[in-house]
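User: Please go through this model with me, one question at a time. I would like each answer to end on the value or name asked for.

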Amino acid sequence: MTVVSLGASAVQVPDLRDFTLKELTQWMTSLDEPAYRARQIFHWLWKRPVEDFRQMTDLPIACRAVLEAQARIGAVAVVAVQSSADGTRKLLLRLLDGEQIEAVLIPEARRLTACISTQAGCAMECGFCLTATMGLHRNLRPGEIAGQLVALGSTLAPGERITHVVLMGMGEPLANVTATEKALQILVAKDGLGFAPRRITLSTVGLVPGIRRLAQSGLGVNLAVSLTATTDEVRDRLVPINRHYPLRELLQACRDFPLPPRRHITFEYVLMADVNDHVEDARRLVTLLKGIRCKVNLIPLNEAPNIPFRRPPRQRIEAFQRIVERAGYIATIRDSRGQDISAACGMLATAETRLDTACAIP
Ligand code: SAH
């Protein structure tokens, strides 16, 4: 529920974009409206998105009047777009309360991936991540998570279409698991955004209860785990949440994660010079991953002035990759896209100063 102020009075009305189709159906029934109208409205919220009930032309006028009095439609506003030389676009987005977040569009050969946020800021305090320096401002609501795709969609060129979604923007999705699950339901709903679950990937720092809950949700989206260290000693230091969910528990939750045929868990491993890039790390990594159907995504650290780590030399990154590959795993080196506009992994952080270089949308 959000408070919308109407002159002097303030009324609590729900934002319909926070509802899954099931919730919207229940809500409509509670208003004595026929349940099938929920599907029509859901269509207008997500498939052909409008933000004004008057544009929902297949609803009876009386129904539109009820909606106008009892509900609202929240929108995520595009504040600015920055384009990278490599085609990556970073969008600065504004939520209703003025909070700002970032999302990224990454074009590749035959796909267009949208990278969206689940929190404004982050509370996980990973020592190598710029978002962490913001701290947590607040959780996003379901409509704000899924609504980023509507906002991104409004900036696309004719013929462009978002094909894949990664929950790898700001924040830790499993620290905001209820809203994230609802957003995912909206993403995969046929009358919603209509993405196949296999085209969606949720990336987590390794919150074990959240991983188990996602496993039970039956949503069927891909799981990525930001592992980044091979001993608890090093991981405790880089990823403080490891003190609560150490490697053994984390990897057990991954082993227990149900995987459809031909699907993998992705382990992200941010490589930092002399911290976690040793030959011994690569060897320990393959031992840790035994028994898990997975691939490894090696991400050379994106450096920033207030991050106290360095990217390893290329040779060292490739030597690490060879060891993982020789053990039989697919290991890719992900050269982060959009580095010139700070859209790369771990580089999302809103600061007013960033706006100076952004080109404002009229
Ligand atoms: N909280 C989730 C989602 C964020 S995804 C998670 O941790 O997975 C962001 C990805 O970028 C994570 O894999 C993270 O480890 C990685 N990352 C963070 N800081 C980075 C940096 N400075 N350079 C490269 N990758 C980074």
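Analyst: Ala, Val, Leu, Ile, Met, Phe, Trp, Tyr, Cys and Pro count here as nonpolar, Asp, Glu, Lys and Arg as charged, and the others, Gly among them, as polar. This is a predicted model, in which local features need pLDDT of at least 70 and side-chain atom pairs count only at pLDDT 80 or more, while totals for chains, interfaces and linings use all residues. Residues are numbered from 1 along each chain as its sequence is written, and side-chain values use heavy atoms, with hydrogens and water left out.

User: How many residues of each class are in the shell around the ligand?

Analyst: A residue is near the ligand if one of its heavy atoms lies within 4 Å of it. By that criterion 19 residues surround the ligand. By class, the shell has 10 nonpolar, 7 polar and 2 charged residues.

User: Which polar side-chain atom lies 2.6 Å from an oxygen atom of the ligand, and how much of the ligand's accessible area does the protein cover?

Analyst: The side-chain atom belongs to S203. Accessible areas come from the Shrake-Rupley method with a 1.4 Å probe; for residues, only the protein chains shown count as cover. Of the 540 Å² that the ligand has on its own, the protein covers 94%.

User: Which face of α8 is buried, and what does it pack against?

Analyst: Helices (H or I, at least four residues) and strands (E, at least two) are DSSP runs, numbered from the N terminus. In α8 (residues 247–255), L247, L250, L251, A253 and C254 are buried, that is, under 20% relative accessible area (exposed is over 50%, partly exposed in between; 1.4 Å probe, protein chains only). Down the helix axis they fall within an arc of 155°, taken from the directions from the axis to the C-beta atoms, so they line one face of α8. With contact meaning heavy atoms within 4.5 Å, that set packs against α6 (208–217), β11 (222–226), α7 (232–238), β12 (265–271) and α9 (279–288).

User: Is D191 buried or exposed, and which side chain makes a polar contact with its side chain?

Analyst: D191 sits in the loop between α5 (177–188) and β10. Its relative accessible area is 19%, so D191 is buried. A polar contact is a pair of N or O atoms within 3.5 Å; within protein, one must be able to donate a hydrogen and the other to accept it, and residues adjacent in sequence count only if both atoms are side-chain atoms. At 2.5 Å, the partner side chain is that of R39.
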